[in-house]
Amino acid sequence: MKITNANVNITSPGRNFVTLKVETDEGIYGLGDGTLNGRELAVASYLSDHLIPCLIGRDPFQTEDIWQYFYRGAYWRRGPVTMAAIGAIDMALWDIKGKAFNTPLYNLLGGKSREGVMVYAHANGKDIDHALEDVAKHKEMGYKAIRVQSGVPGISSTYGVPKGPGRYEPAERGLPSEYEWATEPYLHHVPKLFARAREEFGDDLHLLHDCHHRLTPIEAGRLGKELEPFHLFWIEDPTPAELQDGFRVIREHTTTPIAVGEVFNSIWDAHDLIRNQWIDYLRMTITHGGGITALKKAADFAALYHVRTGFHGATDLSPVCMAAALHVDTAIHNFGIQEHMPHSDETDVVFPHHYMFKDGFMFPGNAPGLGVDLDEKLAAKYPYQRAYLPVNRKLDGALTDW
Ligand code: KDG
Ligand code: MG
């Protein structure tokens with residue numbers, strides 16, 4: 001089999017997505033997600049201008065060699081744009097392989113290690129009462145694990161909480177908006193949120209929280225320690241992770257489990273975190289981590305150190321990435337949990353898919369390959385719209401991590 005053509009589709013059914021379609025001389029095609037929130041056009045150009053010309057004519061079954069060709073062969077390694085582009089190609093090639101063998105992707109990755117993939121939902125609210133109402137709603141929908149974020153008194157905007165009515169979506173159309181941040185009120189508030197959550201929902205529900213890179217290691221240690229009585233499933237991204245050594249400090253102060261990695265694009269971003277057992281869950285995902293080939297190896301490496309997976313699954317990863325994540329989750333032994341932030345109805349019809357949610361679990365379905373398609377005609381009705389993630393400032397105006 002030979003790759004005869006590949007093209008990049010950019011569509012915005014509610015939010016922007018970059019999808020790679022790779023075609024072969026046997027009429028089989030594969031899809032890959034290359035969406036990088038707020039930087040979509042850079043990945044599209046990297047694919048169209050630099051990678052696709054080198055892809056034509058290759059054997060799509062050679063996933064390992066093609067991955068190495070684009071990773072090592074570029075000389076300029078890593079980085080989110082490069083790795084999202086490699087991730088899109090790799091995903092599309094595995095989709096082709098599954099279709100060619102007429103089997104769902106998980107069968108090519110070791111087969112089913114579990115029947116269903118436990119997912120966690122997002123609950124949020126402008127204050128504790130509203131956040132807990134949203135938890136109750138998601139519990140009613142069947143979720144066994146729920147991430148809880150709430151507005152913080154004294155701060156006008158908080159990560160994970162919509163500013164007005166409607167769903168929470170990280171990127172906003174137009175130029176970046178500015179959010180406000182203050183650590184002390186946040187640190188006072190979060191233990192109160194989870195004390196109430198445990199009081200109202202008991203011990204059985206898994207509760208999670210995303211600090212979204214805003215604390216120093218010692219602040220994160222304090223938060224983790226104060227949350228211990230409420231036994232969270234994890235706190236996520238407690239501190240920016242460029243300094244992997246920072247997680248040693250957190251670990252020395254708390255037994256609350258730590259999840260990190262949604263901004264990682266290579267196993268080298270997590271190497272020290274894993275081999276020192278400073279984290280419990282690896283949050284990388286298929287698109288930004290360089291594809292199925294790379295994530296399968298990262299998961300296997302993590303397994304040696306008792307680290308489980310908790311792949312990123314925000315709405316900025318397209319249904320193509322969601323499907324890929326669910327196949328990997330189904331196959332690997334050290335799966336932990338999968339994030340599930342449902343896409344809008346508009347997005348779901350542009351990307352018809354076989355995966356489904358039932359009673360707190362998701363299932364990749366049994367269609368060959370990834371089991372996702374792209375309705376190109378419908379996609380064309382939603383042209384790209386400029387959108388950015390917000391930036392964040394402390395109350396004195398200094399720029400800080402969002
Ligand atoms: O594009 C940024 C989002 O993916 C991120 O803010 C979502 O933190 C996130 C999460 O845990 O889903
Ligand atoms: Mg996060």
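Metal site, ligand pocket and surrounding elements

Aspartate 269 sits in the loop between β10 and α8; helices (H or I, at least four residues) and strands (E, at least two) are DSSP runs, numbered from the N terminus. The model is a predicted one, in which local features need pLDDT of at least 70 and side-chain atom pairs count only at pLDDT 80 or more, while totals for chains, interfaces and linings use all residues. Residues are numbered from 1 along each chain as its sequence is written, chains are lettered from A and ligands numbered from 1 in the order in which they are written, and side-chain values use heavy atoms, with hydrogens and water left out.

At 18% relative accessibility, aspartate 269 counts as buried. Buried stands for under 20% relative accessible area, exposed for over 50%, and partly exposed for what lies in between (1.4 Å probe, protein chains only). Not counting residues up to four places away in sequence, aspartate 269 touches Arg78, Gln244 and Phe264, where contact means heavy atoms within 4.5 Å. With arginine 78 there is also a polar contact, side chain to side chain, at 3.0 Å. A polar contact is a pair of N or O atoms within 3.5 Å; within protein, one must be able to donate a hydrogen and the other to accept it, and residues adjacent in sequence count only if both atoms are side-chain atoms.

The loop between β10 (258-260) and α8 (271-275) also holds glutamate 262, and this residue leads to the metal. Which protein atoms bind the magnesium ion (ligand 2) as donors? They are Asp210 (OD), Glu236 (OE) and Glu262 (OE), at 2.0 to 2.2 Å from the ion. Along the chain these donors follow the spacing D-x25-E-x25-E. Glutamate 236 in strand β9 and glutamate 262 are 26 residues apart, and the pair links distant parts of the chain. Donors are N, O and S atoms within 2.8 Å of the metal (3.2 Å for Na, K and Ca); water is not among the atoms, so sites may look incomplete. Both glutamates are buried: glutamate 236 has a relative accessible area of 0%, and glutamate 262 one of 11%.

Glutamate 236 also faces ligand 1: a polar atom of its side chain lies 2.9 Å from a ligand oxygen atom. Two arginines make similar approaches to oxygen atoms of ligand 1. For arginine 283 the distance from a side-chain N or O atom is 3.0 Å, and for arginine 147 a polar side-chain atom lies at 3.3 Å. Taken alone, ligand 1 exposes 330 Å², of which the protein buries 95%; accessible areas come from the Shrake-Rupley method with a 1.4 Å probe, and for residues only the protein chains shown count as cover. There are 16 residues around ligand 1, and those that come nearest are Asn37, Tyr159, His212, Glu262 and Glu339. Here a residue is near a molecule or strand if one of its heavy atoms lies within 4 Å of it.

Histidine 213 is in the loop between β8 (206-210) and α6. Its phi is positive, about 65 degrees, although the residue is not a glycine, and it is buried at 11% relative accessible area. Glutamine 277, in the loop between α8 and β11 (281-282), likewise has a positive phi, about 55 degrees, without being a glycine. Glutamine 277 is partly exposed, with a relative accessible area of 40%.

Helix α6 (residues 217-227) has as its buried residues Ala220, Gly221, Leu223, Gly224 and Leu227. These residues lie on the same side of α6 because they cover an arc of only 165 degrees around the axis, the arc being that of the directions from the helix axis to the C-beta atoms. Their cover includes α5 (183-201), β9 (234-236) and α7 (246-253).

Further along the chain, glutamine 338 lies in strand β13 (residues 338-339) and is buried, with a relative accessible area of 0%. Leaving aside neighbours within four places in sequence, its contacts include Val117, Tyr120, Phe311, Met322 and Asp329. Glutamine 338 and methionine 322 are 16 residues apart in sequence, and their C-alpha atoms are 9.5 Å apart.

Histidine 343 follows in the loop between β13 and α11 (345-350) and is buried at 8% relative accessible area. A polar atom of its side chain lies 2.7 Å from the backbone oxygen of leucine 317. Beyond four places in sequence, histidine 343 has contacts including Phe17, Arg167, Leu317 and Tyr355.
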